[in-house]
Amino acid sequence: MPERAPTPERGIVRVAIDRPLRTAFDYQPPVGLAAAAVPAGVRVRVPVGGSRTVGVVIGHAERSDLPAGRLKPIEAILDERPLFDPPALELLRWAAGYYHHPIGEVVAAALPRALRAGAPLEVCAEFLLCLAAGVAARAAGEPRRAPRQRALLERIADQAGGVSAEALSLESPDWRAAGRALIERGWARLETRPVARGAAASEATAPATHTTGAPPPPAPPTLTPEQTVAVAAINAATGFAAFVLQGATGSGKTEVYLRAVEQQLALGRRALLLVPEIGLTPQLLARFRERFAQPIAVLHSALGDTERLAAWREAHAGRAAILIGTRSAVFAPLPALGLIIVDEEHDSSFKQQEGGCRYSARDLAVLRARHAQVAVVLGSATPSFETLRNLEAGRYQRLTLPRRANQAAAPQLALIDLRAHPPRDGLAAPVLRAIERHLGTGGQALVYINRRGYAPTLLCTSCGWIAPCHACDARLTVHHGAARLRCHYCGADEPLPQRCPRCGYAVKPVGQGTERIEATLAGLFPAERLVRLDRDTARRPGELEQVMQAVLSGAARILVGTQMVTKGHHFPDVTLVAVLNADQGLFSTDFRAAERLAQTIIQVAGRAGRDARAGEVLIQTEYPDHPLLQSLLAGGYESFAASGLAERAAAHWPPFGRLALLRASATRPAAAFEFLEAARQAAGRPRDVRLLGPVAATMARRAGRHHAQLLVECPGRAPLQHFLAGWVVALDALPAARRVRWALDVDPLDTQ
Ligand SMILES: [Zn+2]
Ligand SMILES: [Zn+2]
């Protein structure tokens with residue numbers, strides 16, 4: 001394409017391109033057009049560095065900082081309608097600014113892969129159109145000696161929009177030969193264009209479930225007085241309002257969500273429901289599909305590219321009335337958005353923790369609601385300290401759901417002192433007796449251990465060799481059934497040796513994981529069927545459903561699982577919960593470890609006694625006097641959180657102070673430290689900001705790379721943002737930055 005001198009009156013178009021650069025790229029509008037003809041939010045094809053790529057227009061400018069000769073024109077506009085409306089673009093820009101991440105990468109991550117590559121926004125189909133010459137030929141009785149062509153011409157002649165290739169194939173599978181002949185004669189033309197709305201069926205979209213002949217959906221349950229208050233408060237909100245729906249598991253939060261969504265749909269608006277990574281259970285989806293006849297689009301990380309694209313299109317086109325999705329769905333377009341719900345808002349999967357822009361979908365959901373001037377509901381039995389602080393400050397409004405009247409009392413928590421009851425194979429005698437007792441009275445038992453695999457260590461009892469990961473500062477986990485040793489940090493996977501590779505003596509697994517606890521319990525309760533729920537047994541959605549079905553049907557009465565069991569599953573007959581290794585969270589160096597442990601204990605305890613029967617929760621610990629466990633036992637999550645927040649306030653930790661973490665990794669151990677030292681120097685002596693480190697990460701070597709970090713502490717958000725904005729520019733320019741991988745994590749979830 002010939003370079004032309006830019007004509008300033010045509011304006012400049014700013015394009016976000018998937019490149020690690022902090023600014024947008026400037027282009028001239030396409031030849032012959034003004035910048036205003038390229039609206040923000042559409043995709044364009046642009047030349048960049050000798051090749052061409054697809055970008056998204058994020059704004060316009062009157063002039064560029066680039067010299068006029070270097071400004072190239074946009075080659076093509078790919079969309080008739082913007083992919084992102086102005087509020088959606090504003091959210092993307094805000095995320096890029098707040099998390100200090102390149103805007104092009106933020107925009108790209110918000111798009112399904114196919115759209116990033118330039119696929120059409122709408123599902124397209126081929127149509128065979130009759131041209132004027134074809135109409136004339138038909139009137140003249142042409143073609144006389146080609147009956148197939150003649151028939152095809154007849155078929156398309158009176159169809160203004162042509163006939164779809166799909167329809168023609170159905171009528172006559174070999175129509176294409178005749179079609180080609182008509183095209184060669186200049187009588188017809190093939191055209192590819194978007195098909196009519198609603199014609200694109202997709203697996204990711206639920207069809208209207210209320211088909212004729214199916215039983216009518218059950219009548220919605222009567223609301224409790226507290227649910228009524230909550231629904232009324234949410235529905236009465238005009239403009240932006242943030243609610244915290246706090247209720248124990250089984251208190252009926254989902255019913256409140258359903259009613260609030262119902263109201264929005266009745267008003268012709270749409271609803272966005274964000275759920276944790278593995279909280280998107282078939283149960284939750286089933287409840288929404290049962291209640292609403294309108295289409296529901298679902299976006300989560302297990303979808304294939306095609307399904308993701310289909311769901312995104314349904315949401316963008318407004319065909320889906322409800323969008324249910326995990327983290328990245330916070331960026332998905334949804335016209336006429338009326339309500340946002342974040343279920344289990346405390347869940348750590350709402351924060352992107354590796355790769356790309358490290359955003360919090362929960363925080364962005366609140367911001368999106370503010371931009372859209374709609375209500376946002378944050379639901380949890382154990383709200384995060386951030387959310388509790390916002391409640392305290394009057395920014396959010398609390399709606400509380402007590403346990404329902406027809407439910408048993410809250411489960412009773414008790415500690416099992418492991419010093420008095422030494423565990424055998426990870427299980428203390430009182431826990432085993434309790435399992436026996438609950439099974440004997442028809443209950444089910446849930447055994448929680450936060451570690452998958454058979455054993456965390458493989459040890460040689462003769463020479464003391466321990467199976468190490470060669471790429472990490474970690475031990476390999478024994479996976480007995482698969483006969484493998486696996487690293488849970490880098491994915492290393494090797495055969496399980498029978499003998500010590502160093503001295504040839506026998507090796508033995510030490511410690512417990514879910515697989516070993518399952519095997520031990522199977523030996524002790526041979527008549528019972530056990531199931532296990534962790535990332536090894538539930539790799540695909542179908543497998544998760546099978547495990548859940550076995551528990552729900554009562555076929556299995558002992559469930560062993562990792563924190564996967566704490567997320568959203570409803571097991572009405574579970575009456576006993578045993579927490580086997582609470583102590584891991586008690587002495588962590590991470591400031592959020594206690595909050596997470598308390599949330600996990602309360603969430604897993606919430607699985608017990610959800611229907612009529614009372615639940616019992618036993619927590620194995622060597623530290624029964626630990627203040628965290630004592631405050632949880634005495635006053636529940638509320639009292640624990642109150643003392644936890646007081647501690648954070650005294651230490652100026654979040655949510656009172658603000659943190660950012662600069663992480664770096666390199667194959668050469670010193671390189672990460674050199675970069676972080678240089679980063680520290682580059683910071684100078686900023687006001688109100690404290691730099692701590694650099695220090696090695698808690699697990700310094702992972703997947704062959706050495707990790708270190710520098711912590712940034714600041715009393716407030718504004719000064720921190722001001723500092724970071726200048727700092728990242730300096731970091732980009734550091735020579736040491738080119739020898740490491742580095743990332744800035746604003747509001748990090750952990751500081752290890
Ligand atoms: Zn040995
Ligand atoms: Zn490893």
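Select Arg-155 in this predicted model; the residue is found in helix 5, which covers residues 147-157. With a relative accessible area of 28%, Arg-155 is partly exposed, because that value lies between the limits of 20% and 50%. Next, display the side chain of Glu-171: a polar contact of 2.7 Å joins it to the side chain of Arg-155. Beyond residues up to four places away in sequence, Arg-155 touches Val-163, Leu-168 and Glu-171. To gain a sense of scale, place a distance marker between the C-alpha atoms of Arg-155 and Val-689, which are separated by 75 Å. Along the chain, these two residues stand 534 residues apart.

Remain in helix 5 and select Gln-149, which is also found there. Is Gln-149 buried or exposed? Its relative accessibility is 13%, so Gln-149 counts as buried, the cut-off being under 20%. To view its surroundings, display Pro-143, Ala-178, Ala-181, Leu-182 and Arg-185; Gln-149 is in contact with each of these when its neighbours within four places in sequence are left aside.

The next stop is a pair of helices. Select helix 9, residues 253-266, together with helix 10, residues 282-291. Two packed helices are described by the angle between their axes and the distance between the axes. Here the angle is about 35°, and the axes are 11 Å apart. The crossing of helix 9 past helix 10 is right-handed. Which residues of the two helices meet? On the side of helix 9, display Thr-254, Glu-255, Tyr-257, Leu-258, Arg-259 and Val-261. On the side of helix 10, their counterparts are Leu-284, Arg-287, Phe-288 and Arg-291. Coloured by character, the residues of this contact comprise 5 nonpolar, 1 polar and 4 charged.

Proceed to helix 12, residues 361-372, and select Arg-362 within it. Arg-362 is buried, at a relative accessible area of 9%. Display the side chain of Ser-384 as well: a polar contact of 3.0 Å connects it with the side chain of Arg-362. The full set of contacts of Arg-362, leaving aside neighbours within four places in sequence, consists of Val-342, Glu-345, Phe-350, Leu-378, Ser-384, Glu-386 and Thr-387.

Keep Glu-386 displayed and select Arg-592, for Glu-386 is among the contacts of this arginine too. Where does Arg-592 lie? Its place is in the loop between strand 25 (574-579) and helix 17 (593-605). Arg-592 has a relative accessible area of 6% and is buried. Besides Glu-386, the residues in contact with Arg-592, not counting its neighbours within four places in sequence, are Arg-648, Pro-654, Pro-748 and Leu-749. Examine Leu-749 in particular: its backbone oxygen lies 2.9 Å from a polar atom of the Arg-592 side chain. For another long span, mark the C-alpha atoms of Arg-592 and Gly-161, which are 61 Å apart in space and 431 residues apart along the chain.

Finish with two cysteines. Select Cys-469, which is buried at a relative accessible area of 4%. Then select Cys-500, which likewise counts as buried, at 4% relative accessibility. How many disulfides does the structure hold? The number is 0, so there is no disulfide to display at this last stop.

Definitions and conventions
Residues are numbered from 1 along each chain as its sequence is written. Chains are lettered from A and ligands numbered from 1 in the order in which they are written. This is a predicted model: local features need pLDDT of at least 70, side-chain atom pairs count only at pLDDT 80 or more; totals for chains, interfaces and linings use all residues. Side-chain values use heavy atoms; hydrogens and water are left out. Helices (H or I, at least four residues) and strands (E, at least two) are DSSP runs, numbered from the N terminus. Buried means under 20% relative accessible area, exposed over 50%, partly exposed in between (1.4 Å probe, protein chains only). A polar contact is a pair of N or O atoms within 3.5 Å; within protein, one must be able to donate a hydrogen and the other to accept it, and residues adjacent in sequence count only if both atoms are side-chain atoms. Contact means heavy atoms within 4.5 Å. Axes are lines fitted to C-alpha atoms, for helices over the stretch in contact, and angles run from 0 to 180 degrees between N-to-C directions. A crossing is left-handed if the near helix is turned anticlockwise from the far one by less than a right angle, and right-handed if clockwise. Ala, Val, Leu, Ile, Met, Phe, Trp, Tyr, Cys and Pro count as nonpolar, Asp, Glu, Lys and Arg as charged, and the others, Gly among them, as polar. A disulfide is a pair of cysteine sulfur atoms within 2.5 Å.
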